[in-house]
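The following note sets out several local features for a colleague's review. The points are numbered so that each can be checked separately against the coordinates.

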Amino acid sequence: MMLNEITIGQYFPGRSLLHRMDPRVKLVLTFAYIFAVFVPRNWAGLSVAAGFLLFTVILSRLPVRLVFKSVKPILPVILLTSLLNIFYVTGGVHLFDWGFIHITTKGITTAAFIAIRILCLISGSSLLTYTTSPTTLTDALERLLSPLKVIRLNVHELAMMMTIALRFIPTLIEETDKIMSAQKARGADLESGGMMQRVRALIPILIPLFVSSFRRAYELATAMECRCYRGGEGRTRMKQLHMKTADVVSVMFVLLLIALLFYLNYTLPSVL
Amino acid sequence: MNIISANDVRFYYETEEEAGGRPLLVLDDIRLDIERGEFVALLGHNGSGKSTLAKHFNAMLLPSGGRVLVSGMDTKDEKLRYEIRRMVGMVLQNPDNQLVSTIVEEDVAFGPENLGVSPKEIRRRVDEALKTVGMLEYSDHAPHKLSGGQKQRVAIAGILAMRPDCIVLDEPTAMLDPQGRKEVLETVFRLNKEQGITVVLITHYMEEAVLADRVLVMEEGRILIQGTPREVFSRVDELRGVELDVPQPTELCHELRMQGVPLPEGILTAEECAQALSMFLEAAHVGH
Amino acid sequence: MSVIETRNLNYTYSPGTPFRRDAIKDISIKIDNGDFIGIIGHTGSGKSTLVQHLNGLLRPASGQVFLNGKDIWEHPKKIREVRFQVGLVFQYPEHQLFEETSYKDIAFGPSNMGLDADEIDARVRRAAKFVGLREELLQKSPFELSGGEKRRVAIAGVMAMQPQVLILDEPTAGLDPKGRDTILGQIKEYQQENGSTVIVVSHSMEDIARCAKKVLVMNRGRIEMFDQTPAVFSRADELGAIGLSVPAVTRIFMILRARGYDVGDNVYTVEQARDRLLPLLKKGGDA
């Protein structure tokens, strides 16, 4: 896989309802959804939570395939937790016993349940980044955190740092790709050898990357000064954030979802 | 009226002990006035001091000796620094390293946001600036997906949104392909002619300097030659002496003149050159 | 025999995503030993993608690349050998420098080849000579050098592998006229002295005109023309149609011919133009 094919954390511009929502609301609701995913204790609840996610994906008008692609990088993690659950959770009918390993129906149920939870969690949060430009997101974060100014936390600087980091991540990924290719063209061997050898092989990539990052940082600072940047003091913003009807409706929707999930826990037996 | 005037500007870097500890002179008594609405091209090879001089025009660097006045304001006056930087916007060489935001329109808004302009007015300026540079349809794109020429035009829009009187461009086309170079130059030329914005263009490319009202050639921290493009480019030997190129048609005419063909001086384009040559070929009865 | 041959090369970036982009389509070329080839085309025309296939940095989606008649992907494990044979200097190669001294940086390629110390030393010095780097510069940190010097160190780093084919992607990008002339001159000299195959990718028709014997014109991932330099430059209208322009002197000659003057063609440099015009103009003076 080429480095620039990573989709996690990327933004796909659009004009859907989800794209136009107030980013503060989106951010809070994403956290609420992550919480919601941990509520269900039975299949009905989990299906409702997953169904809700599918519904928002459709609202976003992004290809469903794309959302699931974001899960790819963390598949190993899901696999590992599933395996651990299969081996360590016991109860129900024993399907397989060998020495200290016991595989039970309950183990499998738990593993599947948790795997789906993680899937929902990752897809849900990538949906946030897919439909919200990183700047808007940091902007939302800056405004949500602005009460912290009271405890002398410079929220503006934090947000600015995040914006710049986000702006330069694709550039640096591209650069890393290029430096790797250039060193490979000189016969650098990045794929074989032991641990130490591999770490050493990274030096020809890391040093040029550091040097260029410093150069970029210096030039960017110059450019920002040329554009009259002097910190957050007296700064205005072009984009003002307004809560709209759609935002209020979505808040109610998510609250309803959470309530429903609790209700299902209460009325149906737990499978965990 | 002058927008920028440099009065006996000297600039030197303090060097380290091992290099002898003597200050390194980069600008040596520069005297220069730039008129409002003028298009000035600043030429010189790397290390001739042209970028250093440009950074004096918006108070990014302060003279070690002498004074720089921007519309009458002394760049040494700290209270005026941001007003000077608003008035004299600067576009840098590497298009990747001067865009701050992940969305084109938000990047263009960065300058006016720093100036504390009201949100509605910023919106108006951003759209207008993007329209001027022909990038309005890209307003919600991510900068890293644009071509070099497009990025550079966004950078220009970011300056325009501050409503500057003058734009200084420090080798804005050095890292671009011919297409991108053309886009950027046409934009700059239009800004100068249609909006009357003063332009200072630093470049290696002689074809670009031809567009200017006045060409300055720098060498070792001094202004060596200045005049209209025609005047400057007729001094082919001097330009070569400071390791600069002249446009091919100019060079050809010069070479032929050296061999005794009395072609006129100051020819810049292929068309002019062909026109002049055909008169001589006519006289020589070639092909007729 | 061709040193490099490609058959029906195809490559697509980011397949299966919204950013999917065809990079090169159906490229079949033959490059003879000792050729000096210029590749020209717009950004995004596929030039850089093509050259990265020639040394096995990119693997074609379909099609084959042959080096000395052998498919380079026959043994994917041995692809490193191909990179020593086909040296590729990237655009802005100075960004890849990393060693403490220029000498060590130039030696990086040869030491990856597993050569012994004496051979490495000989190669580093030979390569440094080609790009005109003085001894004291070799012992300096590459980060202390000027832009043009850094570029030359980086180019020497690939030359020191003594590849059969040397490819340079935009070797003059971002340099001032002097730096540009120096590097072009050195590449030309290298080619003449070694008789090796050299491929230069460039935006600049003037640069290509000055050194290449054959020109490959690319447009939208396809080959538009591949011929001797004079033949390519004589098709100025077609070049213009895809947004490329011939050198200014070539255009002067085209205008003169269009006006009915018998000045001939195949003129791309100021020297050629002067030598062609002088006798014609002198004839007039004598008459």
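1. The model under review is predicted. A convenient starting place is C:Gln162, which sits in the loop of chain C that links α6 (147–159) to β7 (165–169). The phi angle of C:Gln162 is near 45°, positive although the residue is not glycine. As a rule, residues other than glycine mostly have a negative phi. C:Gln162 has a relative accessibility of 34% and therefore counts as partly exposed, since that class lies between 20% and 50%.

2. A comparable backbone feature is found in chain B, where B:Ala59 has a positive phi near 65° and is likewise not a glycine. B:Ala59 belongs to the loop between α1 (50–56) and β4 (65–70) of chain B. Is B:Ala59 buried or exposed? Its relative accessibility is 4%, so B:Ala59 counts as buried, the limit being under 20%.

3. The hairpin of chain B deserves inspection. Strands β9 (214–219) and β10 (222–227) of chain B run antiparallel and pair through five bridges. Within this pairing, B:Met218 faces B:Ile223 of β10(B). Two residues lie between the strands, and B:Glu220 in this hairpin adopts a positive phi near 50°.

4. Chain C offers a hairpin for comparison. Here β9 (214–219) and β10 (222–228) of chain C are antiparallel and are joined by six bridges. C:Met218 has C:Ile223 in β10(C) as its bridge partner. This hairpin has two residues between its strands, and the turn residue C:Arg220 shows a positive phi of about 50°.

5. Which residues touch the most other members of the largest nonpolar core? They are C:Ile106, C:Val217 and C:Leu239, in a core of 51 residues. Helix α6(C) supplies the largest share of this core, with six residues. A second core, separate from that one, has 50 residues, among them B:Ala41, B:Leu169, B:Ala209 and B:Val215.

6. The surroundings of C:Val217 may be examined in more detail. Apart from residues up to four places away in sequence, C:Val217 touches C:Ile40, C:Val232, C:Leu239, C:Ile242 and C:Leu244, as well as C:Arg222, C:Ile223, C:Glu224 and C:Met225.

7. On the surface, A:Val28, A:Leu144, A:Leu145, A:Leu148, A:Val150, A:Ile151, A:Leu153, A:Leu158 and A:Met161 make up a nonpolar patch with about 790 Å² of accessible area together. Two elements of chain A, α7 (134–145) and α8 (155–185), each give two or more residues to the patch. One of the patch members, A:Leu144, is located in helix α7 of chain A. With a relative accessible area of 35%, A:Leu144 is partly exposed, so it passes the patch limit of over 30%. For context, nonpolar side chains of soluble globular proteins tend to be buried together.

8. Contacts between chains A and B can be followed from B:Glu113, which is part of helix α3 (104–114) of chain B. Beyond neighbours within four places in sequence, B:Glu113 contacts A:Gly234, A:Arg235, A:Thr236, A:Arg237 and A:Met238, together with B:Ile122. B:Glu113 is classed as buried because its relative accessibility is 6%, under 20%.

9. Finally, A:Glu233 occupies the loop between α9 (195–226) and α10 (245–267) of chain A. Its relative accessible area is 70%, so A:Glu233 is exposed, the limit being over 50%. A:Glu233 and A:His156 are 77 residues apart along the chain, yet their C-alpha atoms are separated by 9.1 Å.

How values were computed. Residues are numbered from 1 along each chain as its sequence is written. Chains are lettered from A and ligands numbered from 1 in the order in which they are written. This is a predicted model: local features need pLDDT of at least 70, side-chain atom pairs count only at pLDDT 80 or more; totals for chains, interfaces and linings use all residues. Side-chain values use heavy atoms; hydrogens and water are left out. Patches are made of residues with over 30% relative accessible area and no salt bridge: like charges are joined within 9 Å, nonpolar side chains (Val, Leu, Ile, Met, Phe, Trp, Tyr) within 5 Å. Accessible areas come from the Shrake-Rupley method with a 1.4 Å probe; for residues, only the protein chains shown count as cover. A salt bridge is a side-chain nitrogen of Lys or Arg within 4 Å of a carboxyl oxygen of Asp or Glu. Helices (H or I, at least four residues) and strands (E, at least two) are DSSP runs, numbered from the N terminus. Buried means under 20% relative accessible area, exposed over 50%, partly exposed in between (1.4 Å probe, protein chains only). Two strands pair if DSSP finds at least two bridges between them. A nonpolar core is a set of buried Ala, Val, Leu, Ile, Met, Phe, Trp, Tyr and Cys residues joined through side-chain atoms within 4.5 Å. Contact means heavy atoms within 4.5 Å.
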